Amino acid sequence: MADISEELIEQVHHARNAKSPLNIIGGGSKRFYGRDIRGAALSMTEHRGVVSYQPVELVLTARAGTPLVEIEALLNEHQQMLSFEPPLFEGRATLGGTLACNFSGPVRPWGGSVRDQVLGIRLINGKAEHLRFGGQVMKNVAGYDVTRLQAGALGAFGIITEISLKVLPRPAATATLVQEVTMAQAINLMNQRSRESRPLSGACWTDGKLYLRLSGTERAVEGTLKLWSGEELHNADQFWQKLREQKLPFFNSKSELKRLDESAGRLSAGEPLWRFTVKPSSSEILPAGDWLIDWGGAQRWLRGNYDMQELEILAEAAQGQVSCYRGGNRQIDTFHRQPEVLQLIQKRLKAAFDPEGLFNPGRLYSWL
Amino acid sequence: MTEKSSLTKAELVTLLSTFIDPNLIIADQETQRPYECDGLSMYCQMPLLVVLPETLDQVQGLLKICHQYGIPVVPRGAGTGLCAGAMPDKNGVVLSLAKFNQILDIDPVARMARVEPGVRNLAISEAAAEFGLYYGPDPSSQIACTLGGNVAENSGGVHCLKYGLTVHNILKIKMFTVEGKLISLGCEGLDSAGMDLVALITGSEGLLGVVTEITVKLLPIPEKAQVVMAAFDSVQKAGDAVGQIIAQGIIPAGLEMMDGHAIRAAEDFAKAGYPLDAEALLLCEVDGTKEEVHEHIEQVELAFQQLGAFEVRVSQNEAERALLWKGRKSAFPAVGRISPDYYCMDGTIPRGQLAYVLTEMQKLSEYYGLRVANVFHAGDGNLHPLILFDANIPGEFEKTEEFGARILELCVKVGGCITGEHGVGVEKIRQMHSQFSEQELAQFHAIKDAFDSAGTLNPGKGVPLLRHCQEYRTLEKPAPSGGNH
């Protein structure tokens with residue numbers, strides 16, 4: 001529960017002087033994500049602890065190395081939660097890593113993402129300056145939104161040391177409906193249900209079944225259960241928990257089990273897992289593929305060996321993007337291609353924060 | 001490459017006239033007059049030219065020329081902004097996007113709309129209504145303000161506690177860089193690879209690019225919405241009640257507070273039935289399914305009674321709900337009737353600091369001898385103190401500005417910020433120093449340089465010059481023009 005920001009600043013000074021890049025590591029739960037990089041490890045695990053939490057304000061501030069499980073336990077005491085349901089990865093996921101990767105769970109289309117809920121950060125930039133952006137209030141438009149710029153940047157701009165975010169009350173009731181449908185039917189139904197003013201909080205299709213989760217007041221959930229088709233699923237929390245943690249059978253096929261990382265009990269490399277983020281109503285992409293559809297159709301997982309360029313064309317046709325989420329070749333670019341003009345802007349932005357390229361060089365893109 | 005400005009006004013007009021209808025290039029002062037300010041009419045400046053292009057090619061051509069000759073460009077939507085963010089540059093071009101007013105596509109299945117930047121905020125909800133959908137952010141100016149401006153300011157509204165700000169409700173942006181290159185940010189999925197450039201552009205006040213197309217999310221229209229009005233004899237009690245509602249696990253669709261001055265002005269104007277003897281009034285709207293609204297309304301009503309409200313009223317039908325809101329929505333013009341002029345501030349504070357901030361504000365009000373009415377997005381801590389003044393009294397606007405600056409510094413002191421939804425523009429540029437360190441401001445300048453190294457897009461707005469810079473100078477205070485809005 002310590003504040004080691006002074007030591008972190010020292011490490012950045014040292015890296016500058018030695019011209020030696022840094023590899024920022026929180027709980028190490030998302031090492032599989034982005035490109036493999038070299039660089040002196042800079043550990044965030046000591047920089048942890050909740051700095052402030054006032055349930056009535058719906059705002060929590062914690063150091064970046066704080067494990068999400070600690071934050072969730074505290075919120076739980078006050079019947080509150082992280083509204084974006086991030087993966088906890090056996091308790092190793094930290095708040096900082098979650099923001100840097102912009103990871104959110106099944107509730108994302110309705111509960112928002114970590115990017116949506118973050119209110120402010122402290123960041124050590126490449127000049128070893130410890131800066132503060134955003135704040136602890138719900139609305140703040142003073143200055144550029146450096147806070148949300150961090151979401152998905154994989155630490156390219158500096159060391160996020162502290163994060164304030166909006167938290168929400170836990171819903172009073174939750175229930176799940178399940179029904180057997182094809183992937184195409186599921187996509188239609190997910191979009192249809194999302195158009196209704198009902199307390200939908202999860203919509204996933206896997207293994208021939210569509211799961212719709214409802215969360216809200218007891219009467220709203222009960223009322224919707226009566227209106228919508230499907231059987232009520234008991235012990236549904238287990239299903240959503242496994243989906244959130246990417247532990248459903250889809251994420252661990254027989255062929256992949258051979259390559260389990262023993263220490264973590266999860267995949268380390270091997271068969272690529274592709275993540276599509278597309279227009280939710282897009283019809284099936286590669287109908288013969290091995291798919292899991294989440295986020296009401298907006299996030300789609302595909303397993304197997306494919307040519308990334310071909311998948312990029314398919315993703316663009318679905319008004320979206322694709323990334324090689326896990327497995328496959330991590331030496332080459334794993335995120336959707338960027339046009340030259342955007343590459344130039346992103347390089348300039350990176351240089352604006354990190355002129356000497358100290359932070360996670362090459363983790364996000366080979367050219368950044 | 002940027003060349004030093006070597007074009008005269010006449011030469012620029014001639015050059016632009018080769019590809020833009022000369023009737024849409026406004027060079028004379030009389031026709032330019034409506035463009036001299038935005039909604040903050042105390043800040044005025046006549047531009048070199050006003051141009052209203054009709055096609056993207058024309059916007060691109062204009063940007064390329066301005067970039068080449070180092071001519072400032074100030075993008076403009078409907079001009080309803082409240083921070084002088086669209087105030088012209090005297091040597092620059094006002095680039096009006098008013099002609100880009102088409103809703104390009106509504107996709108009811110995927111629940112999104114693709115719009116041009118000159119589309120009015122309310123027009124989207126009106127067009128989507130036939131599909132049972134609407135656009136979430138609803139700034140008070142929604143009848144007139146445009147989506148391009150909403151993106152520039154990251155506009156909110158009375159429903160943002162539950163439905164978020166502009167940044168939470170847009171998926172994709174197309175924009176021109178200062179050099180006139182068209183780029184596309186985001187996608188029609190919920191997120192995109194890498195750093196979040198859509199978030200960076202949202203709220204960037206037209207300093208990083210010229211937005212030409214926005215894809216917004218649409219939400220299902222709630223089955224039911226109901227509002228509870230609660231009147232209190234003290235601001236403290238009303239403030240505590242707000243906290244209690246949220247502590248009970250209810251996220252209202254809107255939760256608004258007005259103080260005594262605002263209540264009486266609004267009641268006089270709208271005849272909404274607000275109790276005139278109240279010192280604080282809360283309006284709490286709950287929406288969702290019928291069952292959900294029923295359950296929450298019962299809880300809210302009971303909570304307000306237990307927390308000392310001396311009058312509680314629940315809207316029984318749509319007409320009553322609309323009437324209760326009418327008072328709040330017309331609070332600004334209503335206050336305009338009790339004073340020759342008013343100046344609207346926009347600080348945000350942690351809700352728990354409300355009573356302290358209002359008490360301090362009252363002390364300042366007495367010190368400056370100026371009345372202040374408060375309208376407050378209580379759910380998300382966004383204060384709109386309205387300082388009442390008379391611009392015809394010499395020195396009173398200057399005094400008002402100073403009072404306003406003290407209020408914003410107070411907001412920062414209690415852990416809040418200088419602007420929740422109106423933006424910095426020219427108006428609050430000096431107060432940026434109270435919220436940010438020189439290093440933080442330098443970081444903002446570095447971001448600006450990454451997009452616009454010559455600094456020709458909306459210059460002089462958003463981020464102040466650094467104190468240590470040689471060029472730093474106190475901004476000239478514009479003369480009050482007696483404006484009112």
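A salt bridge here is a side-chain nitrogen of Lys or Arg within 4 Å of a carboxyl oxygen of Asp or Glu. In this predicted model, the side chains of A:E85 and A:R213 form such a pair, with N and O 2.9 Å apart. That is a handy place to start, since the interface between domain 1 and domain 2 of chain A holds two salt bridges by this rule.

The domain assignment splits chain A into domain 1 (5-169), domain 2 (173-244) and domain 3 (249-326). Going by C-alpha atoms, the centres of domains 1 and 2 of chain A sit 31 Å apart. Contact between these two domains involves eight residues from domain 1 of chain A and nine from domain 2 of chain A. The size of an interface is often given as the accessible area lost when the parts come together. For domains 1 and 2 of chain A, that area is about 730 Å², with carbon and sulfur atoms giving 56% of it. On the domain 1 side of chain A, A:E85, A:P106 and A:W110 lose the most area to domain 2, and together they account for 72% of what that side buries. A:E85 thus turns up twice, once among those three residues and once as the salt-bridge partner of A:R213. Polar contacts between domain 1 and domain 2 of chain A come to four residue pairs, counting those with both residues at pLDDT 80 or more.

Back to charge pairs more broadly. Side chains of opposite charge can pair when their charged atoms come close. Over all chains, the count is 45 salt bridges, and a few in chain B show the range of settings. B:K237 and B:D233 pair at 3.0 Å, N to O. Relative accessibility is 32% for B:K237, so this residue counts as partly exposed; B:D233, at 43%, is also partly exposed.

A second pair, B:R264 with B:E279, has its N and O 3.9 Å apart. This one links distant parts of the chain: B:R264 belongs to helix α9 (residues 260-270) of chain B, while B:E279 is in the loop between α9 and β14 (280-288) of chain B, 15 residues away. B:R264 is partly exposed at 34% relative accessible area, and B:E279 is partly exposed at 35%.

The third pair joins B:R321 to B:E285, at 2.8 Å from N to O. Because B:R321 lies in helix α11 (residues 318-329) of chain B and B:E285 in strand β14 of chain B, the bridge ties together parts 36 residues apart in sequence. Here both partners are buried: B:R321 has a relative accessibility of 19%, and B:E285 has 2%. Salt bridges can also share partners, as in the single network that joins A:R108, A:R115, A:D116 and B:D196.

Helix α16 (residues 438-451) of chain B is next. Its 14 residues span 20 Å from the first C-alpha to the last, close to the 20 Å expected at 1.5 Å a residue. The buried residues of α16 in chain B are B:E440, B:L441, B:Q443, B:F444, B:A446, B:I447, B:K448, B:A450 and B:F451. The cover over them draws on both chains: it includes β7 (130-134), α6 (146-149) and α12 of chain A, along with β8 (170-176), α7 (197-201) and α15 (432-435) of chain B.

Helix α12 (residues 340-353) of chain A is also home to A:Q343. With a relative accessible area of 19%, A:Q343 falls under the 20% cut-off, so it is buried. Leaving out residues up to four places away in sequence, A:Q343 touches A:Q338 and A:W367.

Finally, a word on backbone geometry. Most residues other than glycine have a negative phi, and most peptide bonds are trans. A:N102 is not a glycine, yet has a positive phi of about 55 degrees. A:N102 is found in the loop between α3 (95-101) and α4 (108-111) of chain A, and is buried at 11% relative accessible area. In chain B, B:E205 likewise has a positive phi of about 55 degrees without being a glycine. B:E205 sits in the loop between α7 and β10 (210-217) of chain B, where its relative accessibility of 6% makes it buried.

Note on methods. Residues numbered from 1 in each chain as written. Chains lettered and ligands numbered in written order. Predicted model: local features only at pLDDT ≥ 70, side-chain atom pairs only at ≥ 80, totals over all residues. Heavy atoms only, no water. Buried < 20%, exposed > 50% of the residue type's maximum accessible area, 1.4 Å probe, protein only. Helix = DSSP H or I, 4+ residues; strand = E, 2+ residues; numbered from the N terminus. Contact = heavy atoms within 4.5 Å. Expected span 1.5 Å × (residues − 1). Domains from an automatic or database assignment. Buried area = accessible area lost by both parts, 1.4 Å probe. Polar contact = N/O pair within 3.5 Å; in protein donor to acceptor, adjacent residues only side chain to side chain.
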